[in-house]
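This briefing introduces a structure to a new reader, beginning with model confidence and then turning to helix packing.

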Amino acid sequence: MTSQPPIGRRQFLTGALATAAAVAAPGLIAGCDGGGLVDGDDPNEASGSAPLPSYVPYTGVTPDLRGNPQGLLDAFLKYPDPPVRATDGPPGDGGQLSAFVLTNSPLPPPASENAFWQELNRRLGVDLRLTVVPNAEMADRFSSLIAGADLPDVIVPALYTPNGLPAGVSNLPAWLAAECQDLTPYLSGSAVQDYPFLANLPTDAWRDCRYNGGIYGLPVPRGVGGTLMMRRDDLFRELQVDPQPGSFAEFRATCREITDARAERWALATTPMDFVRQMLGNPWRWAVEGGKLVSAYEREEFSQALSDTARLVKDGVIHPESFGANPATKKWFNDGNAMLIADRYTAWPQFYAENTAGPDFDIGGMRPPRHSGGGFAATWQAQATNNFTVLKKADERRIRALLRVCDWLAAPFGTEEWLFRRYGVAGVHYQMTGGGPELTRDGVSQTALGIRYIVDAPDVIFVPGEPEATRKSYEYQASIIPTALRDPTLGLFSDAWSRRSGQLGTLIGDAQREILGGNRPVAEWADVVRQWRDAGGDQVRVEFEEALANSVD
């Protein structure tokens, strides 16, 4: 549960799954007030009892800056030259492989007109039949897919982790059991070593793939750095302002100092509710107190964060257009109209790729100070997966053939395979500039196939062509991850949460926006929390507590 739950990609897609599965398999989907799982199913078994795949790290590439088991990612100051060749030939058997995938980019040219797609087929040794779907069309297209007579071999985008942003999925374990392959015999424990690049995926990423006592998917892993407060260090230096406040009072004063509406410059691209919550020690979603789960919304720090953030809104230090529809927050940050933005670590290289400020452009990271001063507050660990992918049920020979292709698609950073998969063919789809690949026009259009959402290598910290930017991102994450707090419900499943999270998120989000906008007093927050509990929050708590009690490592 995020403090400001948007209608994001995950919610949009998994809402489509709920609708589509209801059409395809009546009885698998329950209404908001109905029962969750089918008769005989144990919702806590969704967390799984099968041993997770054994972690066997790939040692063929050495990072410039090494990560650690706490979640700090490896960092590379340049792409290894020459890249390591990690495979000895195509993994496929020459047959067809169908997959339903997502793209957030313009649709790529079809295979007949796409040199990258053709070369990908050759390197994979398959005839890759992709259905590439734009995000805006996902709900209708996915509903049609599930309602049809035959599923593709690989189903990617609709199964975003239900414990992430609001999912809207009901009876996900039952749908998986009915339609998708139980991969436990192929991947659990040491069995994963038949697929060395899948074995290289971090253990935490697999937790979101475990349902019905087994392993039902392949993860697309992400780092646990969470949402970071990124800062335009070049502009802070220009204004001669201290970039690291030591308390909330200093943070507020800094925001007021750097805001100049006449110069079209504001301190913040969006309301910093989560950043203030971290200053106060408020958990991300849940905390365990006395053996029971307590929601972040129920704790006093949340009300205090609402009050403090409302003061920042009233101060006028937040970009005024951020309260409208589809705010261009990233553009404001790049253009210097906003000097601070909260975003995932993955945005750091994106900002450099879209840099409009020239060679002096410089990003840093602001740590949340303790609210009253006296050091730094803890940040929050993020979900370890972006999404997970399922395979249609098939015989053992077919499943192993699909897993070999997926294993190739998970080849790690620093290899020839990763470089091709992400950037295509040198001289055609990308050029090496300053130690990093830069896509050509053909590269931008042809490589947007969505294959990185089938399965992916462990993420790394890498800003192409910007070694110092890479180093700063690494050092920032190294400073926050050792103390970052992990939500106790990560990797667990609640059917009530998967069904009602959209409704609960809307209730919380609407009330929060009214309070921050000055249209509702903070004193009414207690009433909002009571409504949230009655609308399903308490049921979600019970199911997560049961899952937590029955969870396995």
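Over residues 161–169, pLDDT (the predictor's confidence in each residue, from 0 to 100) stays under 50, and the model has 48 contacts (heavy atoms within 4.5 Å) beyond four places in sequence for this stretch. This is a predicted model, in which local features need pLDDT of at least 70 and side-chain atom pairs count only at pLDDT 80 or more, while totals for chains, interfaces and linings use all residues. Residues are numbered from 1 along each chain as its sequence is written, and side-chain values use heavy atoms, leaving out hydrogens and water.

**Confidence**
- The protein chain has an average pLDDT of 88, and 88% of the residues score at least 70.
- Residues 1–41 also stay under 50 in pLDDT; the model has 116 contacts beyond four places in sequence for them.

**Helices H2 and H14**
- Helix H2 (residues 115–124) packs against helix H14 (residues 396–409) at an angle of about 120 degrees, and their axes are 11 Å apart. Helices are DSSP runs of H or I with at least four residues, numbered from the N terminus; axes are lines fitted to C-alpha atoms over the stretch in contact, and angles run from 0 to 180 degrees between N-to-C directions.
- Leu120, Arg123 and Leu124 of H2 meet Val405, Trp408 and Leu409 of H14.

**Helices H10 and H11**
- Helix H10 (residues 273–280) and helix H11 (residues 300–315) pack at about 130 degrees, with axes 9 Å apart.
- On the H10 side, the contact is made by Met273, Val276, Arg277 and Leu280; the H11 residues include Phe302 and Leu312.

Note on methods. Helix = DSSP H or I, 4+ residues; strand = E, 2+ residues; numbered from the N terminus.
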